[in-house]
Amino acid sequence: MIHAPVALAVLLALDIPPAPSATTVRAVWLADLHPDRVQPGPGRFVSVPGSRADDVTGHWCVEAAGAGDVLRVVSFAKCETDDGLDVAQPIVVEGEVVVIRDPARDGFPAVVEVQVQEARRVW
């Protein structure tokens, strides 16, 4: 005979969906993220390189195409290379998305940047 609390616990445990695996996580287009609605944190992102890859302080960075008036940048983890970043085709990365706001100063306009930091390519 199963006690009611145990039976309830078993039924609730069967109703819990499994944690998403790396293969089921949905990728979001970086160009679709609006800086006022971005939730900072980890995720999977798709972008098309819109600039040549540049080694900035030991990290390869590339601007995402179609960024409009918001700068969108993928800043790769130190272990990543620039291989494959010279082709205008979508790349998928996992990393930490942040919004950087630089105010206008010294004659330069204000800049809003959506950046994926410590990005690692998902092959």
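Strands here are DSSP runs of at least two E residues, helices are DSSP runs of at least four H or I residues, and both are numbered from the N terminus. With that in hand, T57 can be placed in the loop between strand 3 and strand 4. Everything below refers to a predicted model.

**View A. The whole chain: 1 helix and 7 strands.**
Going along the sequence, the elements come in the pattern α-β-β-β-β-β-β-β. The chain has 123 residues, and 28% of them are buried. Take the contacts between residues at least 6 apart in sequence: 55% of those join residues at least 24 apart. The accessible surface is about 8,400 Å², and carbon and sulfur atoms account for 59% of that.

**View B. The sheet, strand by strand: 7 strands in the order 1-2-6-7-5-4-3.**
This is an open sheet with mixed pairing. Which strands stand at the edges? They are strand 1 (28–29) and strand 3 (54–56), and each has a single partner strand, so one side of each is left without a neighbour in the sheet. Further in, strand 6 and strand 7 pair in the antiparallel sense over 9 bridges. One place to spot that pairing is E94, whose bridge partner in strand 7 is R120.

**View C. Strand 5 and its two pairings, one parallel and one antiparallel.**
Strand 5 and strand 7 run parallel and are joined by 5 bridges; look for V73, which has Q115 as its bridge partner in strand 7. With strand 4 (residues 59–63), strand 5 pairs in the antiparallel sense, over 3 bridges. Here the residues to find are V62 and its bridge partner in strand 5, V74.

**View D. The largest nonpolar core, with 16 residues.**
L30, L33, V74, F76, V93 and V114 have the most contacts inside this core. Strand 5 (71–76), strand 6 (91–102) and strand 7 (111–121) are the elements that give two or more residues to it. V74 is a good residue to centre on: leaving out neighbours within four places in sequence, it is in contact with L30, S47, W60, C61, V62, V93, V116 and A119. L30 and V93 on that contact list are also among the core residues with the most contacts.

**View E. S75, a buried serine in strand 5.**
Side chains in a regular strand alternate between the two faces of the sheet. Is S75 buried or exposed? It counts as buried because its relative accessibility is 11%, and the cut-off is under 20%. Beyond its neighbours within four places in sequence, S75 is in contact with H59, W60 and C61, and also with Q115, V116, Q117, E118 and A119. W60, C61, V116 and A119 turn up in the contact list of V74 too.

**View F. E80 and the end of strand 7.**
E80 is in the loop between strand 5 and strand 6. Even so, E80 counts as buried, with a relative accessibility of 14%. Not counting residues up to four places away in sequence, E80 touches W60, A119, R120 and R121. R121 has another partner to look at: its charged end sits over the ring of F76, 5.2 Å from the ring centre. As for pairs between aromatic rings, the count is 0.

**View G. T57, out in the loop between strand 3 and strand 4.**
T57 has a relative accessible area of 69%, so it counts as exposed, the cut-off being over 50%. What separation is there between the C-alpha atoms of T57 and K78? They are 9.5 Å apart, while the two residues are 21 residues apart along the chain.

**View H. Two residues with a positive phi, D106 and E118.**
D106 is not a glycine, yet its phi is positive, at about 50°. D106 belongs to the loop between strand 6 and strand 7, and at 72% relative accessibility it counts as exposed. E118 is not a glycine either, and its phi is positive at about 55°. E118, though, is placed in strand 7 and counts as partly exposed, at 45% relative accessibility. You met E118 in View E as one of the contacts of S75.

Notes
Residues are numbered from 1 along each chain as its sequence is written. This is a predicted model: local features need pLDDT of at least 70, side-chain atom pairs count only at pLDDT 80 or more; totals for chains, interfaces and linings use all residues. Side-chain values use heavy atoms; hydrogens and water are left out. A nonpolar core is a set of buried Ala, Val, Leu, Ile, Met, Phe, Trp, Tyr and Cys residues joined through side-chain atoms within 4.5 Å. Buried means under 20% relative accessible area, exposed over 50%, partly exposed in between (1.4 Å probe, protein chains only). Contact means heavy atoms within 4.5 Å. Two strands pair if DSSP finds at least two bridges between them. Accessible areas come from the Shrake-Rupley method with a 1.4 Å probe; for residues, only the protein chains shown count as cover. Rings of Phe, Tyr and Trp (its six-membered ring) pair if their centres lie within 6.5 Å; planes under 30 degrees apart count as stacked, over 60 as edge-to-face and the rest as tilted. A charge sits over a ring if NZ of Lys or CZ of Arg is within 6 Å of the ring centre and within 35 degrees of the ring normal.
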